Amino acid sequence: MKDEESGNRLGAYLRARRELVSPAQAGLPPGGNRRVPGLRREEVALLAGISPDYYLRLERGRDKNPSPQVLESLARVLRLDDIERTYLLGLAAARPRAPRRRRPEQVPARVHELLAHLQIPAFVEGRAFDVLAANSMAVALSPRLTPGQNRLRSLLLDPEEHAFHQDWTKATADFVAALRTTIGDDTDDPRFVELVGELALSSQRFRTLWARHDVRSLDGGTTTVHHPVVGELRLHRDKLPVEDVILVVYYPDRNSDSDEKLRLLAALTPTDAPGGAEPAPGGSSGAERRVPPGPEG
């Protein structure tokens with residue numbers, strides 16, 4: 001975290017990824033007495049075809065302008081996928097800039113109308129996974145989707161959310177990696193600073209995952225959850241950008257067991273009136289975000 005705080009994000013990323021590659025994965029003998037996890041600096045330099053001194057300067061932030069060829073070689077040695085490689089190239093291209101003033105995240109009025117008419121769980125989230133608006137089916141699926149909640153905080157700190165996800169370990173890894181991707185070079189954004197600081201203090205799981213520097217997109221996908229009333233649900237997830245926010249919908253395969261269970265949940269849930277899917281009191285951005293942190297599951 002020190003490198004990130006000092007602005008050496010490239011060095012922090014290289015170090016974190018180096019520690020995740022085993023000698024065997026890199027085609028090297030394991031060696032008898034390795035004091036560091038993963039690869040040594042000199043091994044990365046050798047495999048990338050650069051001098052150990054130059055690689056050391058990169059990790060320590062003394063050289064912030066590596067060539068694309070060097071970065072491509074490092075990406076190969078560190079076994080980065082396309083998203084991770086793009087992230088690495090972006091770190092090297094980043095330049096100091098004046099802090100940006102982002103406008104508050106607003107949910108368009110027509111999206112409130114859309115939420116009220118949808119018969120499947122649907123909600124709107126901001127860049128930091130704040131729930132800005134939701135329909136009654138989303139809240140029936142999970143009370144943690146109430147406007148004003150933060151999805152990542154709930155996932156890490158709420159025991160009920162832990163039990164809700166069939167694969168909580170994967171869900172937390174995906175969400176934290178997606179948060180780092182979303183932050184990008186907006187490291188001075190007050191909302192991100194607040195959320196990362198809070199979770200770093202409250203969750204060992206978050207600290208472990210954040211130190212890995214994983215980056216990932218969290219768009220479409222399929223998840224299995226355990227609902228306390230209707231039981232196991234297998235749901236697809238789609239994320240649709242609408243202006244500055246994201247509309248998220250969950251839906252089952254047609255005529256599946258999960259489809260029947262979701263219909264049952266809908267029958268037990270009061271229907272939204274058109275325009276009734278309102279954000280939390282205090283503003284359309286769901287500004288009332290804080291909830292008392294519970295013990296991490």
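In which helix does E43 lie? The legends below take up that residue and several others in a predicted model.

**Figure 1. E43 sits in helix 3.** This close-up answers the opening question and then looks at the surroundings of the residue. E43 has a relative accessible area of 12%, so with a cut-off of under 20% it counts as buried. Leaving out residues up to four places away in sequence, E43 touches L28 and R34. R18 is 25 residues away along the chain, and its C-alpha atom is separated from that of E43 by 9.6 Å.

**Figure 2. Helix 3 has four buried residues: E43, V44, A45 and A48.** Here E43 is joined by its buried companions in the helix. Among the elements that cover these buried residues are helix 2, helix 4 and helix 5. Just after helix 3 comes G49, with a positive phi of about 75°.

**Figure 3. Helix 3 and helix 4 pack at an angle of about 115°.** Their axes are 8 Å apart, and the crossing of the two helices is right-handed. On the helix 3 side, the contact is made by R41, E42, V44 and A45; on the helix 4 side, by P52, Y55, L56 and E59. Sorted by class, this contact has five nonpolar residues, three charged ones and no polar ones. Two of the helix 3 residues just named, V44 and A45, are also buried.

**Figure 4. Helix 4 spans residues 52-59, with Y54, Y55, L58 and E59 buried.** Why do these four lie on the same side of helix 4? They cover an arc of only 140° around the axis, and that puts them on one and the same side. The general pattern is a familiar one: an α-helix has 3.6 residues a turn, so residues three or four places apart point the same way. The buried residues of helix 4 pack against three helices, namely helix 2 (9-18), helix 3 (41-48) and helix 5 (68-77). Y55 and E59 belong to this buried set and also take part in the contact with helix 3. After helix 4 comes G61, and its phi is positive, near 80°.

**Figure 5. L39 occupies the loop between helix 2 and helix 3.** Is this loop residue buried or exposed? L39 is buried, and its relative accessible area is 0%. Not counting residues up to four places away in sequence, its contacts are R18, V21, S22, P23, A26, L28, R34, V44, L47 and V77. V77, one of these partners, is 38 residues from L39 along the chain, with 9.8 Å between the two C-alpha atoms. L28 and R34 are worth picking out in this view, as they touch L39 and are also touched by E43.

**Figure 6. F129 and N255 are two residues other than glycine with a positive phi.** F129 has a phi near 70° and lies in the loop between strand 1 (122-125) and strand 2 (131-134). N255 has a phi of about 65°, and its loop runs between strand 5 (245-251) and helix 14 (257-267). Their surroundings make a nice contrast: F129 counts as buried at 4% relative accessibility, whereas N255 is exposed with a relative accessible area of 66%.

**Figure 7. A116 of helix 7 and S154 of helix 9 are two further buried residues.** A116 belongs to helix 7, which covers residues 109-117, and its relative accessibility is 6%. A134 is 18 residues away from A116 in sequence, and their C-alpha atoms are 8.5 Å apart in space. S154 is part of helix 9 (residues 151-157), and its relative accessibility is 6%. Setting aside neighbours within four places in sequence, S154 is in contact with R144, Q149 and E161.

**Figure 8. The chain behind the close-ups has 14 helices and five strands.** This last legend steps back to the whole protein chain. Of its 297 residues, 49% count as buried. The accessible surface comes to about 15000 Å², and carbon and sulfur atoms hold 53% of that area. Among contacts with a separation of 6 or more, 59% join residues 24 or more positions apart.

Conventions: Residues numbered from 1 in each chain as written. Predicted model: local features only at pLDDT ≥ 70, side-chain atom pairs only at ≥ 80, totals over all residues. Heavy atoms only, no water. Buried < 20%, exposed > 50% of the residue type's maximum accessible area, 1.4 Å probe, protein only. Arc of directions from axis to C-beta. Contact = heavy atoms within 4.5 Å. Areas by Shrake-Rupley, 256 points an atom, 1.4 Å probe, with all protein chains shown as cover. Axes fitted to C-alpha atoms, helices over the stretch in contact; angles between N-to-C directions. Left-handed = near helix turned anticlockwise from the far one by under 90°. Nonpolar A, V, L, I, M, F, W, Y, C, P; charged D, E, K, R; others polar.
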